[in-house]
Every structure is written in C-alpha cells, then in structure tokens.
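Biologist: I have a new model open on my screen and would like to understand how its parts hold together. Could you walk me through it?

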Amino acid sequence: MTDSDFHSLMQQALELAARGIGLVEPNPPVGAVVLSAAGDLCGTGWHQQFGGPHAEVHALRNAGDDAHGGTLYVTLEPCSHHGQTPPCADAVIAAGIRQVFVGCLDPNPAVAGRGIARLREAGIDVRVGIMQSEAEALIAPFRTLMLEHRPWVHAKWAMSLDGRIATHTGYSQWISGSESRAVVHALRGRMDAILVGSGTVLADDPLLTARPPGPRTPLRVVLDARGRLPSTSQLVQTAHQSPVAVFTSIASSVAWRDELVSRGVEVLVVPAADSAAAAGPIEITAVLAELGKRRCTHLLVEGGQQVLGSFHDAGLIDEVHVFIAPKLIGGAAALSPLGGIGKTSVPEHASLERLTCERLGDDSYLRGRIVRR
C-alpha cells in the first residue's frame with residue numbers, strides 16, 4: 001500500500017471518530033477501520049457513547065471472522081486497562097489482527113504506551129503516527145483534561161463588522177442572525193458547562209440552555225464575586241430543571257448564598273484573582289480546577305467582555321467561535337469582545353490556527369484554535 005492509502009484509511013477513521021464528539025466525554029472520540037487479510041474493508045466503528053463499547057470493539061464486531069489476519073487502523077492507542085469497558089488491546093489480540101496503525105498515543109496516564117506494548121508483546125506489528133497531528137488535534141480537549149486537569153475552553157461571541165458586542169448603552173440583542181443562533185444552540189448542546197459573568201445575567205437574563213436540547217445537558221456557570229445574581233433570574237428560576245453553579249467570593253453575603261441554595265443553585269466560594277481585593281474578579285484557575293475535578297471536557301465561555309478578557313489575559317482560551325454580522329454600531333464607549341489588560345503590542349503572527357470560515361445567512365462564522373507558542 002502507498003502512503004496515500006494509509007492516510008485515506010486513517011482519514012476515514014478520523015471522520016468516524018468525530019461522530020462521537022458530544023456523546024463520549026469525558027472519554028476521547030475514537031474511530032477505527034478494519035481491513036481483511038486480503039486488504040478489503042470489512043469493518044468500521046467509532047466510540048458512540050460514554051460507557052459503551054470503544055471504536056475498536058465496534059469495528060471488530062462489524063468485521064467478524066474477516067478480521068483474523070487483517071489490519072486495524074485506529075485514531076488513538078487501544079486502551080490496556082479496565083475502565084467502563086474491558087481493555088481494547090485484548091479485543092484486538094483476540095480477533096487475530098496482524099497489524100495495527102495508530103494515529104497517536106493515549107495521553108491518559110493509565111494507558112500512555114501500555115496498549116501499544118501489550119499489542120507488540122502479542123506479536124502484532126504496530127506503527128504509530130499515521131496522520132498524528134490530525135489525531136492529536138481530535139483529542140486535544142481530552143488531552144487537556146488528562147494533563148492539565150481542566151476543561152478545553154471555547155470562547156464564543158457575536159459582534160458587528162466594526163467589532164462591537166453591544167452598543168454604548170449595553171444593548172446587544174440581536175447582533176447575529178437566526179442561522180448563527182442555531183449554530184450556537186448546537187454548540188451548547190455538546191458542552192459540559194457554559195459560563196458567563198453576573199454582568200451578562202443582569203443585562204440579558206439568559207437561560208444558557210440548548211434549544212432544541214443536544215446530547216449533553218451543560219452545567220450553567222455564573223461568576224459572581226459580589227453576589228449580584230437575582231433570585232428572579234431565569235437561571236435561578238430554572239435551577240431545579242437544569243443545573244446551575246455560582247462561583248462567588250467571601251465578599252458576597254451569606255444570606256444571598258443561602259437564598260440561592262434554597263432554590264436549587266450550587267454555590268461555591270473560591271478565591272478572588274487579587275487576594276487583596278476580596279470583591280474583585282473570581283480566580284478563574286480555581287473555577288477551571290473545580291470543573292476539571294468534575295471531569296468536564298468542554299467549557300463554553302459566552303462572556304461578557306470582562307470575563308472573556310480575563311480568560312484571554314490568563315492564556316486559558318483554547319478555541320474561538322466568532323459570529324460576525326454585517327452591521328455597524330460605532331461609538332467609542334461601545335463594548336468590544338475582550339476586556340481585561342490585553343496585549344502590549346500587536347502579535348507578530350496569527351493568533352489562530354486550523355481556522356475555518358462559514359457563511360450563515362448574512363453572518364460569517366469564524367472558528368479556530370489558539371496558537372500556543
């Protein structure tokens with residue numbers, strides 16, 4: 001087989017894997033393709049839901065006896081440990097697979113090369129690194145959770161052509177069109193958590209739910225150092241229907257916290273970013289650490305300006321979703337997306353990689369990942 005054949009088969013496995021995004025977390029999305037000993041495609045599979053069979057198992061079952069003596073293409077190293085399911089490496093060995101092509105190694109410390117070692121000990125020829133960068137990009141959120149113990153942070157905002165997310169009066173509805181809002185709801189539906197600041201709640205009174213519902217029910221998170229979230233807000237009023245967590249500081253009143261708890265809101269007291277100013281902004285690393293403990297893989301930060309700016313200043317945005325409407329707002333006091341301190345100079349290189357641009361009605365949807373240098 002030629003290099004193009006290897007890449008074509010791994011590309012198919014990667015496309016299969018992507019079907020599991022939003023369904024398998026906190027596991028990684030994985031895809032697999034099986035060729036028979038004669039070189040014919042005989043089995044495909046992907047990890048379809050958390051707790052269910054992994055990609056290799058689906059593909060091998062699909063292949064049946066034709067897998068014996070055949071070749072497996074899999075986007076991620078087969079697991080070697082007992083988790084929600086038995087080790088996939090054992091299933092590959094039992095199926096009589098002769099050769100395995102792996103996209104990338106598993107960053108999970110419980111695996112981390114052990115699956116490859118087990119296959120090789122069984123006499124299977126294993127080759128690692130086919131379309132490695134694409135395979136690693138696919139599991140980047142999982143890698144972040146495993147190694148940094150925090151969720152992958154998606155930053156989202158809608159803005160006018162002149163870079164405004166609201167007018168000078170704070171009015172922001174609706175900058176983007178219905179097609180863009182539909183994409184946002186689909187994005188919410190595969191998140192583990194959605195985060196805003198209390199200012200956004202006071203200005204817009206959002207529900208922060210996916211409509212229609214997606215495969216996941218995200219935790220709705222509010223950063224509220226001073227205790228401003230009203231009990232009459234939609235978030236509080238619907239807390240018994242969909243979970244809400246408020247991160248606050250010691251500056252908020254105990255009575256306010258108790259009121260929220262009585263209405264079904266989870267309240268967590270965390271440090272302020274500036275220890276000398278208890279009522280200052282919440283320390284976002286503490287928030288991410290707590291979400292990481294809960295095995296949240298994807299976090300969508302929807303704003304507002306200061307919250308987005310604090311994540312940007314801390315270098316904690318991983319992926320950006322921007323909806324640009326062909327509208328002009330103007331005004332020196334109108335809000336831009338990123339508050340905070342910002343850069344001291346214009347970056348020499350592009351800030352985003354893997355950038356895509358899509359037309360949504362009259363709007364443009366830009367999506368890309370932050371470049372780490």
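Modeller: Happily; the questions and answers below go through the sheet, the aromatic rings and the charged pairs of this predicted model.

Biologist: Let's begin with the sheet: in what order do the strands of the open sheet of 5 strands lie?

Modeller: The pairing in this open sheet is mixed. Strand E1 (residues 31-35) pairs with E2 in the antiparallel sense, and E1 also runs antiparallel to E3. E3 and E4, by contrast, run parallel. Read across the sheet, the order is E2-E1-E3-E4-E5.

Biologist: Which strands are the edge strands?

Modeller: In the order E2-E1-E3-E4-E5, two strands stand at the ends. An edge strand here pairs on one side only, and that holds for strand E2 (41-46) and strand E5 (125-128). The edge strands are therefore E2 and E5.

Biologist: By how many degrees are neighbouring strands turned against each other on average?

Modeller: This value is an average over neighbouring strands of the sheet, with direction ignored. It comes to 15 degrees.

Biologist: How many bridges join E3 to E4, and what is the bridge partner of Leu76 in E4?

Modeller: E3 and E4 run parallel and are joined by 5 bridges. On the other side, 4 bridges join E1 to E3, with Val33 standing opposite Tyr73 in E3. For Leu76, the bridge partner in E4 is Cys104.

Biologist: Is E3 largely enclosed or left open by the rest of the structure?

Modeller: Buried means under 20% relative accessible area. Tyr73, in strand E3 (residues 71-76), is buried with a relative accessible area of 0%. In E3, 6 of the 6 residues are buried, so this strand is largely enclosed.

Biologist: Which helix lies across E4 and E5?

Modeller: Two helices are worth looking at here. Helix H2 (residues 55-63) lies across E1, E2 and E3, at about 150 degrees to E2. The helix across strand E4 (99-104) and E5 runs at about 150 degrees to E5, and it is H4.

Biologist: On to the rings: how many aromatic pairs are there, and why is the pair of Phe6 and Tyr73 called tilted or stacked?

Modeller: The count comes to 4 aromatic pairs. Phe6 and Tyr73 have ring centres 6.5 Å apart and planes at 35 degrees, so this pair is tilted. The two rings come from distant parts of the chain, Phe6 in helix H1 (residues 3-18) and Tyr73 in strand E3, 67 residues apart. With planes at 35 degrees, the name for the pair is tilted.

Biologist: Which residues form one aromatic cluster?

Modeller: Phe6 counts as buried at 14% relative accessibility, and Tyr73 is buried too. Their cluster has one further member, and the full set is Phe6, Tyr73 and Phe101.

Biologist: Are the rings of Phe323 and Tyr365 stacked or tilted?

Modeller: Phe323 is buried at 0% relative accessible area, and Tyr365 is buried at 8%. The ring centres lie 4.5 Å apart and the planes are at 5 degrees, so the pair is stacked.

Biologist: Which ring does the charged end of Arg19 sit over?

Modeller: There are charges over rings at two places to look at. Arg181 lies over the face of Trp174, at 4.5 Å from the ring centre. The charged end of Arg19 sits 4.6 Å from the centre of its ring, that of Trp46.

Biologist: Now the salt bridges: how far apart are the closest N and O atoms of Arg118 and Asp90?

Modeller: Arg118 lies in helix H4 (residues 114-121) and Asp90 in helix H3 (residues 88-94), so the pair ties together parts that are 28 residues apart in sequence. Arg118 is partly exposed at 29% relative accessibility, and Asp90 is partly exposed at 34%. Their closest N and O atoms are 2.7 Å apart.

Biologist: Are Glu319 and Arg369 buried or exposed?

Modeller: These two form a salt bridge with the closest N and O atoms 3.7 Å apart. Glu319 is in strand E12 (residues 319-325) and Arg369 in strand E14 (residues 363-370), 50 residues apart. Both are buried.

Biologist: And how many salt bridges does the whole structure hold?

Modeller: Besides the pairs above, Arg143 forms a salt bridge with Glu136. Glu148, Arg150, Asp318 and Arg372 are linked in a network. For the whole structure, the search finds 15 salt bridges.

How values were computed: Residues numbered from 1 in each chain as written. Predicted model: local features only at pLDDT ≥ 70, side-chain atom pairs only at ≥ 80, totals over all residues. Heavy atoms only, no water. Salt bridge = Lys/Arg side-chain N within 4 Å of Asp/Glu carboxyl O. Buried < 20%, exposed > 50% of the residue type's maximum accessible area, 1.4 Å probe, protein only. Phe/Tyr/Trp six-rings, centres within 6.5 Å; stacked < 30°, edge-to-face > 60°. Lys NZ or Arg CZ within 6 Å of the ring centre and 35° of its normal. Axes fitted to C-alpha atoms, helices over the stretch in contact; angles between N-to-C directions. Contact = heavy atoms within 4.5 Å.
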